[in-house]
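Work through these exercises with the model in view. Try each task before you read its solution.

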Amino acid sequence: MDKLLITGGARLNGETAISGAKNAALPILCAALLTREPVTITNVPSLNDTRTLLKLLEEMGVKTQREGDTVRLDAGEITNPMASYELVKTMRASVLVLGPLVARCGQAQVSLPGGCGIGARPVDQHIKGLQAMGAEIRVEHGYMHATARRLKGARIFTDMVTVTGTENLMMAACLADGETIIENAAREPEVVDLANCLISMGAQISGAGTDKIRIRGVEALHGATHAVMPDRIETGTYLCAAAATGGDIRLTNTSAAYLDAVVDKLMDAGCDITIERDAIRLKGPARLNAVSIRTAPYPAFPTDMQAQFMAINCVANGTAVIRETIFENRFMHAVELQRLGADIKIDGNTAVVTGVQRLLGATVMATDLRASASLVIAGLAAEGETLVDRIYHLDRGYEKLETKLAALGANVRRVS
Ligand code: UD1
C-alpha cells in the first residue's frame, strides 16, 4: 500500500493549476444516464473516484471514452440498471445513479451505501423524494429496488440540506411529468454546475443555487458538452498548505467565487490574498493567527475544509474552536495530528485547538479523504519526516497531489 513521505519545513512557493471539481464531476457523469445521445464532459479530474464511477457506468452498458480530461459517454442502451455493493461501498457518491436510472429506465437496483468513516450518512431523503415523485422503493437485502412508470412532478421538502440528495432528485425530476419543486435544496456551487449541465442537455431548471429549485420535466434530454467547474476544496487545501508553511503560491484555473468563507478565514489568520479572474495568490505570514470555524451548508464554511483548518490551527498563535455541524464523526484526524505534537481537545462536535510552536514529524494514518489532506498539511509544517499511511484516501480526491506539491517546492515522495 502506498504511503507519502514528507520532509517538512519547506515554504511552499510557486504556481500550480487546480483540477476540475470531484464533487461536480461525479453527478455530472451520472447525468449522462438521462439521455440516449452522447455527452462530452471536459475538465474531469483523473481520480480514483471518477474511475470508479466510469466503471460503474460501464457495467450498466454505458460506453465511455477518456482522452486527457475529456470524457465521452454514450448511454444509448442501458442494459443493467444496477449499482452493486462492491462499488457503492468504495464510493458513496455511486448512489447518484439512482435518480437518473429510475427516471430513464423506470427501474434501478442500487446498494445502500452503509456507514462510513465520518458518520452514518443515510440516504432516506433520496428515497423519500423519489417516492414523492411516484417511484416504488423497497429496501431488501441491502439494496434499494426502485420501479416507476413515468415519474410525476412533486413538491419535495428535504428534512436537512443534502447535496447529493438534491442532485439525485433534480436529475430525476428532469424527465418527470410536470413540475417538481425541491425546497430546502442544497445551494452548493456543484449543484449549480450540475444544473447548468442539465440545462445544456435541454432540462428546464430554475433556482439552482437557491434553496428552492424548480424543474419542469421534459420528454427527453439531448447530448451536450460541458466543462466541470474548478475544485474549490482542492483550491482551499493548497491555500492552507501554503498558509501553514508561510509560503507564497499562485493557484491557476480556479476561482475565488465559491470560496468566500474560506478566503475570509485565511485573511483573518493573517494571510495576504490576491484574487484574479481565474487565479488566487496567497502569501502566508511568519506565524498564523488561530481562527475559529463552524461548518454548515454553503455558503457557510464547508465541512470538507474543516480538517485542513484544524491542521493550520495546530501551528497558529492562539486557540481556535472548531464546530462540526454536518457529520457526527469527523474529527478522526485529531488523534493523528496529536501524534505530531498538536494540542487538541475534543468534546462531542467541538474541537479546541491551541497552536504549538512546532510539530514534529511522525508516522500517521489517513482515515478519510479530507483527514488525509490535513495530515499532509501538518506534515509540510512539521520538523522532520512524516509518513502518511493509507493514502488511497488521497488518491480518491486529489489529482497528482505529489506532482503539484513538488511544483510548489514541497519535499514529498510516494513510497510503496
Ligand atoms: C456531499 C459531498 C461531501 C460533503 C457533503 C457535505 C459529494 C459527492 N459529496 O456529500 O464531500 O462533505 O456533501 O457538504 O458531493 N443526510 C441524511 N439523509 C439523507 C442525506 C443526508 O440524514 O438522505 C445527512 C447526512 O448524514 C449528513 C447531512 O445530511 O449529516 C449532509 O449530508 P449530504 O449533504 O447529503 O452529504 P453528501 O451529499 O453525501
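**Exercise 1. The enclosed space**

Find how many cavities of 30 Å³ or more the whole structure holds, then describe the lining of the largest.

Solution. Step 1: the search of the whole structure gives one cavity of 30 Å³ or more. The search runs on a 1 Å grid over the protein atoms alone, and a cavity is a set of points where a 1.4 Å probe fits but cannot get out. Before going on, note that this is a predicted model: local features need pLDDT of at least 70, side-chain atom pairs count only at pLDDT 80 or more, and totals for chains, interfaces and linings use all residues. Residues are numbered from 1 along each chain as its sequence is written, and side-chain values use heavy atoms, with hydrogens and water left out.

Step 2: the largest cavity holds about 50 Å³ of space. A volume is the space filled by probe spheres set on the points, and grid points are joined across faces, edges and corners.

Step 3: list the lining, meaning residues with an atom within 4 Å of a point. Among them are Thr237, Tyr238, Ala373, Val376, Leu394 and Leu405.

Step 4: sort the lining by class. Ten residues are nonpolar, one is polar and none is charged. Ala, Val, Leu, Ile, Met, Phe, Trp, Tyr, Cys and Pro count as nonpolar, Asp, Glu, Lys and Arg as charged, and the others, Gly among them, as polar.

Step 5: trace the elements. Helix 8, helix 12 and helix 14 (401-407) each give at least two residues. Helix 12 has the largest share, with four. Helices (H or I, at least four residues) and strands (E, at least two) are DSSP runs, numbered from the N terminus.

**Exercise 2. An open pocket**

Describe the second largest pocket by its volume and its lining.

Solution. Step 1: its volume is about 360 Å³. A pocket is an open set with protein on both sides within 12 Å along at least five of seven lines.

Step 2: 19 residues line this pocket, and Ala244, Thr245, Ala286, Gln357 and Ala381 are the closest to its centre.

Step 3: helix 8 (232-244) and helix 12 (369-381) are the elements that give two or more residues.

Step 4: the lining has eleven nonpolar, four polar and four charged residues.

**Exercise 3. The ligand**

Which residues are closest to the ligand, and which helix gives the most to its shell?

Solution. Step 1: 18 residues surround the ligand (a heavy atom within 4 Å). The closest are Asp124, Thr162, Thr164, Asp304 and Ile326.

Step 2: look for polar contacts, pairs of N or O atoms within 3.5 Å. A ligand oxygen is 2.6 Å from an N or O atom in the side chain of Thr164. For the side chain of Asp304, the distance from a ligand oxygen is 2.6 Å.

Step 3: helix 5 gives the most to the shell, three residues.

Step 4: by class, the shell has eight nonpolar, six polar and four charged residues.

**Exercise 4. A link across the sequence**

Why does the salt bridge of Asp389 and Lys3 tie together parts far along the sequence from each other, 386 residues apart?

Solution. Step 1: the side chains of Asp389 and Lys3 meet at 3.8 Å, N to O. A salt bridge is a side-chain nitrogen of Lys or Arg within 4 Å of a carboxyl oxygen of Asp or Glu.

Step 2: Asp389 lies in strand 23 (residues 385-389) and Lys3 in strand 1 (residues 3-7), so the pair joins parts 386 residues apart in sequence.

Step 3: the whole structure has 24 salt bridges.

Conventions
Polar contact = N/O pair within 3.5 Å; in protein donor to acceptor, adjacent residues only side chain to side chain.
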